[in-house]
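Look at the model below and keep it open while reading. The report covers aromatic rings, the nonpolar core, cysteines and one serine.

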Amino acid sequence: MARSPRFVTAPSSTNQRYPAVDALRGLAMVWMTVFHFCFDLSHFGLWPQNFRVDPLWTTQRTLIVSLFLFCAGLGQAIALHQGQGWSRFGRRWLQIAGCALLVTAGSLVMFPGSYIYFGVLHGMAIMLLVARVTAGWGRWLWLAGLVALSLPVLFQQALPMVWPEAASAFNSRALNWLGLVTRKPFTEDYVPVFPWLGVLWWGLACGQWLLSAHPHVLQSRLPTSLAPLAALGRWSLTYYMLHQPVMIGLLTAAMWVGSR
């Protein structure tokens, strides 16, 4: 008789993790790693690809960032459900903000002409603060998310005709972090507040709904085969900061050895 699969049970303590959410975040990390490895191959001229305009890559990037931010929204719903205070939130926020500054510094060295000044961690730092103070909106978060997703399209279509002077201002680096631009800035990673806040708001709304109406979905048992993904998801920020330096270092070493 075939053996039934083993499971990792969801946490019973309010201070522990939800393996299903961690595994979803871990899936995003694996997908991101494959994407970045392909980017690195292109950057070093080993497999030339156009990551800026080719739908194969731009669509994947959109889906990866969406999954990250949706998981961040789920995480905020869980944290608030567990009674996480501002002190613990602030410590985590400082980690994210500090890592965002490190990303800017590192990209300035590697891509001086297109360094990252408002990428996914920069955007997440702002969006998490917004999510924290708007979590009490409840079901209105769904509508707020829809508005956030729609704003950039509306501004892109209407602003140049209605208020062209403002369009130039919103395209400047001082304001383009909002995302209400008529042209995208030249940078290696760009995750502005709009429309991406909409994805995080939907993750927050979905998490609140699941915790109140269907808690078993988030607390369900996780097959042990997915335990590595859950472990990766628990260390997502550390992994995010280390994976590119490690891959770039290994590729550089491999190219050096191959050229000898």
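W142 is partly exposed, with a relative accessible area of 38%. In this predicted model, W202 is also partly exposed, at 28% relative accessibility. The rings of W142 and W202 form a tilted pair, because their centres are 6.4 Å apart and their planes meet at 40°. The pair links distant parts of the chain: W142 belongs to helix α5 and W202 to helix α7, 60 residues apart.

A pair of aromatic rings is described by the distance of the centres and the angle of the planes. The count of aromatic pairs in this structure is 12. Another of them joins W47 and W57, and this pair is edge-to-face. W47 lies in the loop between α1 and α2, while W57 is in helix α2, 10 residues apart. The two partners are placed as follows: W47 is partly exposed, with a relative accessible area of 38%, whereas W57 is buried, at 4%. The table sets out the values for the two pairs.

| Pair | Centre to centre | Angle between planes | Type |
|---|---|---|---|
| W47 and W57 | 5.8 Å | 85° | edge-to-face |
| W142 and W202 | 6.4 Å | 40° | tilted |

W47 and W57 also belong to one aromatic cluster, together with F35, F39, F51 and F111.

Some rings have a charged partner. The charged end of R132 sits over the ring of W86, 5.0 Å from the ring centre. Likewise, the charged end of R173 sits over the ring of Y117, at 4.2 Å from its centre.

Next comes the nonpolar core. The largest one has 63 residues, and within it L69 and L121 touch the most other members. Eight helices are listed as each supplying at least two residues of this core: α1 (19–43), α2 (55–81), α3 (86–110), α4 (120–134), α5 (140–162), α6 (164–171), α7 (193–213) and α10 (236–259). The largest share, 12 residues, comes from α7.

Which residues does L121 contact, leaving aside its neighbours within four places in sequence? They are I96, C99, A100, V103, L237, Y240 and M241.

One of these contacts, C99, leads to the cysteines. The structure holds 0 disulfides. Why is C99 without a bond to C71? The sulfur of C71 is the closest cysteine sulfur to that of C99, but it is 18 Å away, which is too far for a bond. A disulfide needs the two sulfur atoms within 2.5 Å. C206 is in no disulfide either, and its nearest cysteine sulfur, again that of C71, is 10 Å away. C99 is buried, with a relative accessible area of 14%, and C206 is buried too, at 14%.

The last residue is a serine. S114 is found in the loop between α3 and α4. Is S114 buried or exposed? S114 has 6% relative accessibility, so it counts as buried, since the cut-off for buried is under 20%. The side chain of S114 makes a polar contact with the side chain of E188, at 2.6 Å. Not counting residues up to four places away in sequence, S114 touches R52, F186, T187 and E188. E188 therefore appears both in this list and as the polar partner of S114.

How values were computed
Residues numbered from 1 in each chain as written. Predicted model: local features only at pLDDT ≥ 70, side-chain atom pairs only at ≥ 80, totals over all residues. Heavy atoms only, no water. Core = buried A, V, L, I, M, F, W, Y, C linked by side-chain atoms within 4.5 Å. Buried < 20%, exposed > 50% of the residue type's maximum accessible area, 1.4 Å probe, protein only. Helix = DSSP H or I, 4+ residues; strand = E, 2+ residues; numbered from the N terminus. Contact = heavy atoms within 4.5 Å. Phe/Tyr/Trp six-rings, centres within 6.5 Å; stacked < 30°, edge-to-face > 60°. Lys NZ or Arg CZ within 6 Å of the ring centre and 35° of its normal. Polar contact = N/O pair within 3.5 Å; in protein donor to acceptor, adjacent residues only side chain to side chain.
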